[in-house]
Amino acid sequence: MTKSYVVGVDVGGTNTVFGIVDARGTIVAVNSLKTQEYGDNAEAFVNHLAEKISLLIEENSLKESVRSVGIGAPNGNYYTGTIDFATNLSWKKTLPIVEMLSTRLQLPTILTNDAKAAAIGEMMYGVAKGLKNFIMITLGTGVGSGIVVNEKILYGSDSLAGELGHFIVRRNGRKCGCGRNGCLETYCSASGIVRTAHEFLDARSEPTLLRNIEREKLTSKDIFEAASRGDVTAIDIFNFTGKILGETLADFVTFSSPEAFVLFGGLAAAGDLLMNPLKGAFYANLLKVYTPPKLLFSSLPAADSAILGAAAIAWEAK
């Protein structure tokens, strides 16, 4: 029987989503589990993930048709098959996930960084289709990136090229989980915008819908909903966030001169609330010698892009 299916796995800081994908890029079945529930017990996480993948394959009568598994994960190393000290995952160690999962599933398995997987998915099936040079920026629990140059993902010498979420945007700024200060991730991720909200609420006294929410329970979604209702403080928070992101993307242009930036992830769902201040800062800071890249939102549902990208690399697994 021809093995014409692969499994794509997106390991996230909050949830892990996985799906069976055919050769045309159609996701035929999907499931998930909560990454956070396993705390620092990485082995229990991998065991349960393998069990659920096996069950999904069996439920769809594809046991003899699945060829391989592709994984996208924070700090996923394409060369070594390990997740290395990922800032936004609970286990703070090197996890040989390719070896562990391939042993449990008895399937060839391959790994890449989650943002790189999303970029591959977008290049093959989404708004970046046809682009040879672009940068994917993922705005989720953290900030990730996938850099495509001449239609190829940039890995560098150790698979860690393009960790743009840890580009320092404010020297001696906010403490980051990576151990440094002022990283882009501390300002432009879902958690970063919540930190901005706390700072604004502490520094300002005007009424705002955000004061109706317990401080510890405030989320990026709450800020978006308040801004959508015209709340001035919430809008100012998005203006602050978009300005930092726009300035930073202008700096990134000098690195690979992309045709486009593609924004992806939960925070990107804010739409014009984020894009309008981003564009203003981006064009104001772009070096004039460059042709202005397009600023685009991903055209794929959040889970689909990462699954499809992970599935796309799965065909390489041996």
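How many salt bridges are counted between domain 1 and domain 2? In this predicted model, the count between the two domains is zero. The question is taken up here from the arrangement of the chain, and the description then passes to charged pairs and to selected polar residues.

The protein chain is divided into domain 1, which comprises residues 5-121 together with 303-315, and domain 2, which comprises residues 130-297. To the contact between them, domain 1 contributes 17 residues and domain 2 contributes 23 residues. A distance of 26 Å separates the C-alpha centres of domain 1 and domain 2. The size of an interface is often given as the accessible area lost when the parts come together. For domain 1 and domain 2, the buried area is about 1500 Å², and carbon and sulfur atoms give 58% of it. Although zero salt bridges are counted between domain 1 and domain 2, six residue pairs are in polar contact between them, both residues being at pLDDT 80 or more.

On the side of domain 1 that touches domain 2, the elements giving two or more residues are strand S7 (109-113), helix H3 (114-125) and helix H9 (302-314). Of these elements, H3 supplies the largest share, five residues. By residue class, this side of domain 1 divides into seven nonpolar, nine polar and one charged.

Salt bridges are nevertheless present in the structure, which holds nine of them. Side chains of opposite charge can pair when their charged atoms come close. One of the pairs is formed by aspartate 22 and arginine 24, whose closest N and O atoms are 3.0 Å apart. The two partners are set in contrasting surroundings: aspartate 22 is buried, at a relative accessible area of 7%, whereas arginine 24 is exposed, at 68%.

A further salt bridge joins glutamate 43 to arginine 104, with 3.8 Å between the closest N and O atoms. This pair links distant parts of the chain, since glutamate 43 belongs to helix H1 (residues 42-59) and arginine 104 to helix H2 (residues 97-105), 61 residues apart. Glutamate 43 is partly exposed, with a relative accessible area of 46%, and arginine 104 is likewise classed as partly exposed, at 33%.

Lysine 243 and glutamate 247 also meet through their side chains in a salt bridge, at an N to O distance of 2.5 Å. Because these residues are four residues apart in helix H7 (residues 232-256), about one helical turn separates lysine 243 from glutamate 247. Lysine 243 is partly exposed, with a relative accessible area of 43%, while glutamate 247 is buried, at 17%. The pair is part of a network of salt bridges in which Arg170, Lys243 and Glu247 are linked.

Polar side chains are considered next. Threonine 196 lies in helix H5 (residues 190-203) and is buried, its relative accessible area being 0%. The side chain of threonine 196 is joined to that of arginine 174 by a polar contact of 2.8 Å. When residues up to four places away in sequence are not counted, threonine 196 touches Arg174, Tyr187, Ile237 and Phe240.

Serine 145, in strand S9 (residues 143-149), is buried as well, with a relative accessible area of 3%. Its side chain is associated with the backbone of two residues: a polar atom of the serine 145 side chain lies 2.2 Å from the backbone oxygen of glycine 162, and the serine 145 side chain reaches the backbone nitrogen of leucine 164 at 3.2 Å. Apart from neighbours within four places in sequence, the residues in contact with serine 145 include Asn113, Ala115 and Lys116, together with Met136, Ile137 and Thr138. Glycine 162, Glu163 and leucine 164 are also among the contacts of serine 145.

Lysine 288 is found outside the helices and strands, in the loop between helix H8 (272-285) and strand S12 (294-297). In contrast to the buried threonine 196 and serine 145, lysine 288 is exposed, with a relative accessible area of 69%. The side chain of lysine 288 reaches the backbone oxygen of tyrosine 283 at 3.4 Å.

Note on methods. Residues are numbered from 1 along each chain as its sequence is written. This is a predicted model: local features need pLDDT of at least 70, side-chain atom pairs count only at pLDDT 80 or more; totals for chains, interfaces and linings use all residues. Side-chain values use heavy atoms; hydrogens and water are left out. Domain bounds come from an automatic or database domain assignment. Contact means heavy atoms within 4.5 Å. Buried area is the accessible area (1.4 Å probe) that two parts lose on being put together, summed over both. A salt bridge is a side-chain nitrogen of Lys or Arg within 4 Å of a carboxyl oxygen of Asp or Glu. A polar contact is a pair of N or O atoms within 3.5 Å; within protein, one must be able to donate a hydrogen and the other to accept it, and residues adjacent in sequence count only if both atoms are side-chain atoms. Ala, Val, Leu, Ile, Met, Phe, Trp, Tyr, Cys and Pro count as nonpolar, Asp, Glu, Lys and Arg as charged, and the others, Gly among them, as polar. Buried means under 20% relative accessible area, exposed over 50%, partly exposed in between (1.4 Å probe, protein chains only).
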